[in-house]
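Here are some short exercises to help you find your way around a new structure. Try each task yourself before you read the solution.

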Amino acid sequence: MPLKHPKIMMPPPALFLGGLLMGYGLDRALNLPAVHFLGQQWVILVLALIGISLVLAAVIQLRHAHTTLMPHRAAKTLLTQGVFALSRNPIYLGFACLHLAMALAQHSTGMLIMWAPVIWVIQQHVIAAEEAFHAQQFGEQWQAYRHKVRRWL
C-alpha cells in the first residue's frame, strides 16, 4: 500500500531536546564529571555556527521550494541542490551539531552520552521512514540522489 506521508512518530526536535534533558538527568543522578578541555569555547562556537547555518539554509531552501518543513508531511519536491547537495539530512545534521554544542556549553557528560542514542533513533526511525517515503514518491530521482549524496556528510 502506498504511503501518503512519512510515518514519523515524534518530531525530531523533540527527540534532540529529550536527549538533552535525559543527559541532564544522567548528570544529576550519577554525578558525572564535568567536561572541560582547552579551546572548548571555540569548539562550541564552531559547532553552534555550523548547526545554525545548516538548519537556516535548509529551512530557507524548503520555503523557496514551497515544500514542507514538517517531516511527517509529504514533500512536494526533492531538493538536491544547495545544502541538500552536502547532506541528505542537513537539518538533522544541524541539530546534531547544536546538541553537541549545548552539551559542551553545559559541560555535560550526560548530554554527550545521550547524543549517540538520539542519533541512532533519528537514523533508524525518522530518516528510515523519510527515505522509504522518498523512494516511493520520487522513484529514480531519489535513487540517483541517494547514491550521489551521503546521508549525513
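**Exercise 1.** Work out whether H1 and H3 cross in a left-handed or right-handed way, and how the two helices are oriented.

*Solution.* Keep in mind that this is a predicted model.
- Step one: the crossing of H1 and H3 is right-handed.
- Step two: their axes come within 11 Å and cross at roughly 20 degrees.
- Step three: angles under 35 degrees count as roughly parallel, so H1 is roughly parallel to H3.

**Exercise 2.** Find which residues make the contact of H1 with H3, and sort them by character.

*Solution.*
- Step one: on the H1 side, look for Pro12, Pro13, Phe16, Gly19 and Leu20.
- Step two: H3 contributes Tyr92, Phe95, Ala96, His99 and Met102.
- Step three: sorting the residues of this contact gives 8 nonpolar, 2 polar and no charged.

**Exercise 3.** Describe how the rings of Phe16 and Phe95 are arranged.

*Solution.*
- Step one: a pair of aromatic rings is described by the distance of the centres and the angle of the planes.
- Step two: the ring centres of Phe16 and Phe95 are 5.6 Å apart, with the planes at 65 degrees.
- Step three: planes over 60 degrees apart count as edge-to-face, so that is the name for this pair.
- Step four: place the pair in the chain. Phe16 lies in helix H1 and Phe95 in helix H3 (residues 90–105), 79 residues apart, so the pair links distant parts of the chain.
- Step five: check the surroundings of Phe16. Its relative accessibility is 5%; buried means under 20%, so Phe16 counts as buried.

**Exercise 4.** Now compare the directions of helix H1 (residues 12–30) and helix H4 (residues 109–148).

*Solution.*
- Step one: the two axes come within 8 Å and cross at roughly 150 degrees.
- Step two: angles over 145 degrees count as roughly antiparallel, so H1 is roughly antiparallel to H4.
- Step three: H1 passes H4 in a right-handed crossing.
- Step four: the contact includes Leu15, Phe16 and Asp27 of H1 and Met111, Ile113 and Val126 of H4.
- Step five: its residues divide into 15 nonpolar, 4 polar and 1 charged.

**Exercise 5.** Decide whether Ala65 is buried, partly exposed or exposed, and find its contacts.

*Solution.*
- Step one: Ala65 sits in the loop between helix H2 (40–64) and H3.
- Step two: its relative accessibility is 24%, and values between 20% and 50% count as partly exposed, so Ala65 is partly exposed.
- Step three: leaving aside neighbours within four places in sequence, Ala65 is in contact with Thr77 and Leu79.

Note on methods: Residues are numbered from 1 along each chain as its sequence is written. This is a predicted model: local features need pLDDT of at least 70, side-chain atom pairs count only at pLDDT 80 or more; totals for chains, interfaces and linings use all residues. Side-chain values use heavy atoms; hydrogens and water are left out. Axes are lines fitted to C-alpha atoms, for helices over the stretch in contact, and angles run from 0 to 180 degrees between N-to-C directions. Helices (H or I, at least four residues) and strands (E, at least two) are DSSP runs, numbered from the N terminus. Angles under 35 degrees count as roughly parallel, over 145 as roughly antiparallel, 65 to 115 as roughly perpendicular and the rest as oblique. A crossing is left-handed if the near helix is turned anticlockwise from the far one by less than a right angle, and right-handed if clockwise. Contact means heavy atoms within 4.5 Å. Ala, Val, Leu, Ile, Met, Phe, Trp, Tyr, Cys and Pro count as nonpolar, Asp, Glu, Lys and Arg as charged, and the others, Gly among them, as polar. Rings of Phe, Tyr and Trp (its six-membered ring) pair if their centres lie within 6.5 Å; planes under 30 degrees apart count as stacked, over 60 as edge-to-face and the rest as tilted. Buried means under 20% relative accessible area, exposed over 50%, partly exposed in between (1.4 Å probe, protein chains only).
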